[in-house]
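Please open the structure in a viewer and keep the sequence at hand. The stops below may be selected one after another.

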Amino acid sequence: MEIRELKAKAIQIRMDLLKIIHRAKTGHTGGSLSNTDILTALYYRVMKIDPRNPKWEERDRFIASKGHSVESLWCILADLGFFPKEELGTYSQFGTRLIGHPNNKVPGIEMNTGALGHGLAISVGMALAAKRDGKSYRVFCLMGDGEQAEGSVWEAAMAGAHYKLDNLVGIIDRNRLQISGSTEDVMGLEPLEEKWKAFGWHVVSIDGNDMASLIEAFEAVPEVAGKPTLIMANTVKGKGVSFAENVPHWHHHVPNDEELEKALAELSAALDQLKQEEQVQ
Ligand SMILES: Cc1ncc(C[n+]2csc(CCOP(=O)(O)OP(=O)(O)O)c2C)c(N)n1
Ligand SMILES: [Mg+2]
């Protein structure tokens with residue numbers, strides 16, 4: 001997909017995820033909106049995947065370490081045909097596969113995640129397995145910035161550099177908020193990029209809601225042979241919905257009827273704007 005198509009797709013995914021959260025009356029709205037552009041870039045352009053063959057051995061792997069923001073992922077997997085789109089209506093209902101965190105009973109999900117701090121260690125193992133098996137697949141692991149307070153992240157970071165895993169890409173959704181407020185108030189992280197560099201990673205810092213920057217950063221991997229890459233994706237929590245942006249309680253606030261209507265109107269206006277820009281070009 002081209003950049004303009006990816007931008008439109010990300011808006012569509014934001015609309016879909018708001019609808020499923022509203023219907024289920026539960027979800028992690030802010031973090032799903034902040035990582036939508038990252039996931040859209042990966043799933044519609046960067047990763048080698050085959051929705052008709054989810055267990056294809058050569059596939060790139062994605063680990064959603066910040067598993068709570070699963071709604072954008074469910075909407076993307078459904079849109080790509082990993083499972084029927086109608087199933088999205090069962091999200092968080094009794095007996096569904098589409099629960100509030102990634103569940104490996106769903107095609108396209110590699111690993112059950114949701115307890116923060118585990119995804120990177122799993123990703124290190126997968127990337128090491130690829131090297132040892134002589135395979136060319138890459139492993140992409142999306143972490144939260146609040147998640148960086150977990151010590152296990154740093155053990156995995158050390159191992160990733162030790163084993164020279166240049167097929168491993170860590171992405172931090174650096175939206176500067178976690179569940180209870182600013183990351184810097186809850187557990188100061190800065191200087192975060194320097195910490196990753198000190199742990200032996202190649203660090204790239206970008207606007208994580210800008211599609212062109214995401215594609216450029218992902219397509220440059222591996223920029224440094226023998227080093228894992230860390231993409232610091234500077235994002236806005238709640239991105240795309242003006243009244244949710246940077247508002248801590250939208251971490252798991254569920255839009256009411258009025259908020260949903262307003263949010264969908266804003267997003268469809270953004271879609272119209274994109275179309276107009278295309279016509280001008
Ligand atoms: C081990 C663990 N402790 C606590 C939680 C509860 N929890 C869910 S989301 C969250 C905040 C995560 O913040 P961040 O990583 O910044 O994610 P984002 O801002 O992208 O939503 C917490 C503490 C959890 N899922 N796992
Ligand atoms: Mg955060």
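**A tour from the first loop to the bound ligands**

Begin by selecting K25, which is located in the loop that runs between α1 (3-24) and α2 (29-46). The coordinates belong to a predicted model. Although K25 is not a glycine, its phi is positive, at about 60°.

Next, select ligand 1 together with its surroundings. The ligand occupies the second largest pocket. Around ligand 1 there are 18 residues, the closest being K66, H68, D145, G146 and K237. Colour this shell by residue class: four residues are nonpolar, eight are polar and six are charged.

Now display the oxygen atoms of ligand 1 and follow their contacts with the protein. One oxygen atom of ligand 1 is 2.8 Å from a polar backbone atom of G146. At E147, a backbone N or O atom lies 3.0 Å from an oxygen atom of ligand 1. The side chain of N175 also takes part, with an N or O atom 3.1 Å from an oxygen atom of ligand 1. A surface display is useful here: ligand 1 taken alone exposes 600 Å², of which the protein buries 78%.

Keep N175 selected and add the magnesium ion (ligand 2). Which residues coordinate the magnesium ion? The donors are D145 through OD, N175 through OD1 and L177 through its O atom, at 2.1 Å. Along the sequence, these donor residues follow the spacing D-x29-N-x1-L. D145 belongs to the loop between β2 (139-144) and α5 (151-162), while N175 belongs to the loop between β3 (168-174) and β4 (177-178), so the pair ties together parts that are 30 residues apart in sequence. D145 is thus a residue to view twice, as one of the closest to ligand 1 and as a donor to the magnesium ion.

Two proline sites complete the tour. Select E190 and P191 and inspect the peptide bond from E190 to P191, which is cis, with omega near 0°. P191 is found in the loop between α6 (183-186) and α7 (192-198). Then move to V221 and P222, where the peptide bond is again cis. Its omega is near -5°. P222 is placed in the loop between α8 (211-219) and β7 (229-234).

Terms used: Residues numbered from 1 in each chain as written. Chains lettered and ligands numbered in written order. Predicted model: local features only at pLDDT ≥ 70, side-chain atom pairs only at ≥ 80, totals over all residues. Heavy atoms only, no water. Near = heavy atom within 4 Å. Polar contact = N/O pair within 3.5 Å; in protein donor to acceptor, adjacent residues only side chain to side chain. Areas by Shrake-Rupley, 256 points an atom, 1.4 Å probe, with all protein chains shown as cover. 1 Å grid on protein atoms, 1.4 Å probe; cavity = no way out; pocket = protein on both sides within 12 Å on 5 of 7 lines; lining within 4 Å. Sits in = over half its atoms within 2 Å of the grid points. Nonpolar A, V, L, I, M, F, W, Y, C, P; charged D, E, K, R; others polar. Donors = N, O, S within 2.8 Å, 3.2 Å for Na, K, Ca; no water. Helix = DSSP H or I, 4+ residues; strand = E, 2+ residues; numbered from the N terminus.
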